[in-house]
Protein chains: 2
Amino acid sequence: MRSFAILTAAACLLAGPALAADALLQRAQEQFKPLPAKAPLAKEASAQRVDLGRKLFFDPRLSTSGLISCNSCHNVGAGGADGMETSIGHGWAKGPRNAPTVLNAVYNTSQFWDGRAPDLKAQAQGPMQALVEMNSTPDRVVKVLSSIPGYKAEFQQAFPKEKNPVTFENAADAIAVFEATLTTPDSPFDRYLKGDSKALDARQKQGLALFMDKGCSSCHGGVNVGGDGFHKFGLAKDPDVALRPEGDTGRAKVSQSEADSYAFRVPTLRNVALTAPYFHTGKVWDLKQAVRVMADVQLGQSLSDDEAEAITAFLHSLTGKQPQVMLPQLPPNGSETPLPQP
Amino acid sequence: MRSFAILTAAACLLAGPALAADALLQRAQEQFKPLPAKAPLAKEASAQRVDLGRKLFFDPRLSTSGLISCNSCHNVGAGGADGMETSIGHGWAKGPRNAPTVLNAVYNTSQFWDGRAPDLKAQAQGPMQALVEMNSTPDRVVKVLSSIPGYKAEFQQAFPKEKNPVTFENAADAIAVFEATLTTPDSPFDRYLKGDSKALDARQKQGLALFMDKGCSSCHGGVNVGGDGFHKFGLAKDPDVALRPEGDTGRAKVSQSEADSYAFRVPTLRNVALTAPYFHTGKVWDLKQAVRVMADVQLGQSLSDDEAEAITAFLHSLTGKQPQVMLPQLPPNGSETPLPQP
């Protein structure tokens with residue numbers, strides 16, 4: 001009997017961490033979903049349309065100056081963002097908010113920091129027209145694209161049922177369809193969610209537990225570890241005015257509702273280790289510091305240094321396989337192509 | 001006898017164009033060389049060094065603002081140039097001269113419009129420091145690169161014999177080695193030079209003959225159809241002042257010799273159909289118009305419309321296979337990386 005008791009106790013000691021680990025995984029699986037291996041493409045998204053979108057995404061002629069392409073601010077080689085507080089746009093203008101990553105943006109339930117675009121196609125129409133970004137107009141974009149013989153042919157193939165396929169909306173559609181391919185599956189965290197318990201190390205598991213315990217995952221959950229819903233930046237207490245300047249009330253400007261003051265769309269945390277600086281102002285460059293700020297102003301919690309570090313280690317596990325994109329060869333100007341205007 | 005004579009005459013009639021065609025090919029082979037299928041890489045140019053160079057070429061952090069990379073002005077997806085009169089640089093500055101193509105630049109005997117750099121490695125050091133381009137300094141570049149953990153490791157692999165490999169010179173060396181891979185072999189003209197008489201159509205052959213007859217090939221010859229030597233822009237007569245403004249005397253500023261006034265390096269004509277606008281001022285957008293200007297001010301010849309068109313058709317045969325370049329994934333900042341300064 002005695003040896004049986006000892007064996008049982010030993011078995012419990014051994015099983016303890018394993019059970020706890022299973023419990024951690026089970027909790028995580030309730031709150032997050034792994035990124036699908038394949039990007040979610042509509043059936044209209046033919047290979048031709050994706051390829052056209054790839055060209056447009058990298059084509060600086062969509063901007064009036066001829067300098068700025070989508071990839072300038074949403075660099076597919078740099079976590080889908082540009083590593084600046086706010087982007088430099090037409091005439092060296094400083095953009096109003098930090099450029100969000102294009103990677104996995106297809107899984108966000110709305111686009112822009114204030115969610116004013118319901119999807120990528122609507123989003124793509126914004127920067128082309130914004131005075132401080134590409135500073136063009138739908139008319140000019142169509143004039144440019146329809147003057148380029150290579151593009152005329154490619155729009156025809158990408159939108160085969162349309163008689164006049166070179167439209168601003170179709171350009172945005174093709175860009176959106178390409179952007180939808182820019183997903184980053186197979187991060188360590190995705191492998192963990194799928195049952196590979198070794199995909200996270202002990203420190204990252206500790207961080208994951210804290211991420212759920214402290215309440216981070218109540219906003220940053222689901223397939224995109226965020227990317228849906230709006231919350232006031234400063235739920236628990238007002239952030240430093242440098243991080244949340246008074247002039248930008250976020251969602252309230254879209255909804256015209258006082259209740260949305262300083263609300264912003266919850267950003268995805270996928271690949272967050274690649275997308276410094278953080279927040280809509282881009283004022284925080286250090287990820288651990290950003291974690292601390294969030295805990296403080298959103299959750300009213302002061303994290304120990306060890307806790308902030310563990311959560312940061314977990315966030316590094318959200319870096320997935322980055323898209324491999326061949327730089328497109330852009331079709332040359334036609335004789336009527338409007339000239340760039342710096 | 002009679003039938004023999006007829007047969008002989010018929011044979012001569014048939015052979016006539018063939019002989020003329022052979023003569024054209026033979027003349028062309030004396031004046032031009034096909035582009036080698038393989039880029040000319042030094043033995044130090046390991047795969048690691050090329051790959052590091054590819055990353056640096058696309059990394060906007062080499063500029064102080066964080067916006068401008070080598071590829072901004074030498075877009076590998078746009079004929080290796082930027083489709084602007086002169087480039088937009090730091091602070092929205094307008095560059096002094098049209099950005100020359102990076103494609104096949106390795107075959108030029110010197111770099112820049114005034115040839116002030118003997119090779120690509122020397123060239124690459126210019127734009128990083130130019131106030132109106134990337135506006136950085138060697139110190140800042142080294143500070144940035146050595147602060148990025150991914151780069152530190154890659155410099156070590158690319159320059160394995162060096163103790164402190166993260167230097168400004170090595171960054172330029174890696175960029176140059178990558179640029180040397182950006183060649184465009186197998187253009188129709190290259191296939192023609194190698195003996196495929198059908199690679200050029202009749203119009204292009206007419207243009208080729210004119211290109212040699214009129215004297216274009218006396219400067220635009222060799223493997224790069226140009227790219228070596230300096231000649232006064234305006235040999236036969238002064239160009240319009242818009243094309244050759246008085247302030248920029250070209251080579252003379254480098255050589256300090258009056259004799260070099262308004263001399264510029266002869267540009268390569270490879271891929272010239274992709275690299276509008278033309279001349280050091282970038283003031284001419286139409287290739288046929290550029291051909292006319294050249295004939296007029298360099299050779300003192302007035303081309304008929306048909307001649308200018310034929311030469312333009314020939315120039316289109318210089319468009320080769322464009323480099324297929326995978327957009328690199330850039331290593332993320334380290335904690336000490338200097339912040340971009342717009």
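Copies here are superposed by least squares on the C-alpha atoms of residues with pLDDT of at least 70 in both. Done this way, chain B falls on chain A after a rotation of 180 degrees with 0.0 Å of shift along its axis, at an RMSD of 0.0 Å. That is the relation of a two-fold axis. In chain B, the C-alpha nearest this axis belongs to M326(B), 2.2 Å away. Both copies use the same surface, as 100% of the contact residues of chain B recur in chain A.

A quick word on the ground rules. This is a predicted model, where local features need pLDDT of at least 70 and side-chain atom pairs count only at pLDDT 80 or more, while totals for chains, interfaces and linings use all residues. Residues are numbered from 1 along each chain as its sequence is written, chains are lettered from A in the order written, and side-chain values use heavy atoms, without hydrogens and water.

Now to the interface, with contact meaning heavy atoms within 4.5 Å.

| Feature of chain B with chain A | Value |
|---|---|
| Residues in contact | 35 of chain B, 36 of chain A |
| Buried area | about 3000 Å², 68% on carbon and sulfur atoms |
| Salt bridges | zero |

Buried area is the accessible area (1.4 Å probe) that two parts lose on being put together, summed over both. W92(B), L327(B) and Q329(B) supply 25% of what chain B buries against chain A, more than any other three residues. A salt bridge would need a side-chain nitrogen of Lys or Arg within 4 Å of a carboxyl oxygen of Asp or Glu.
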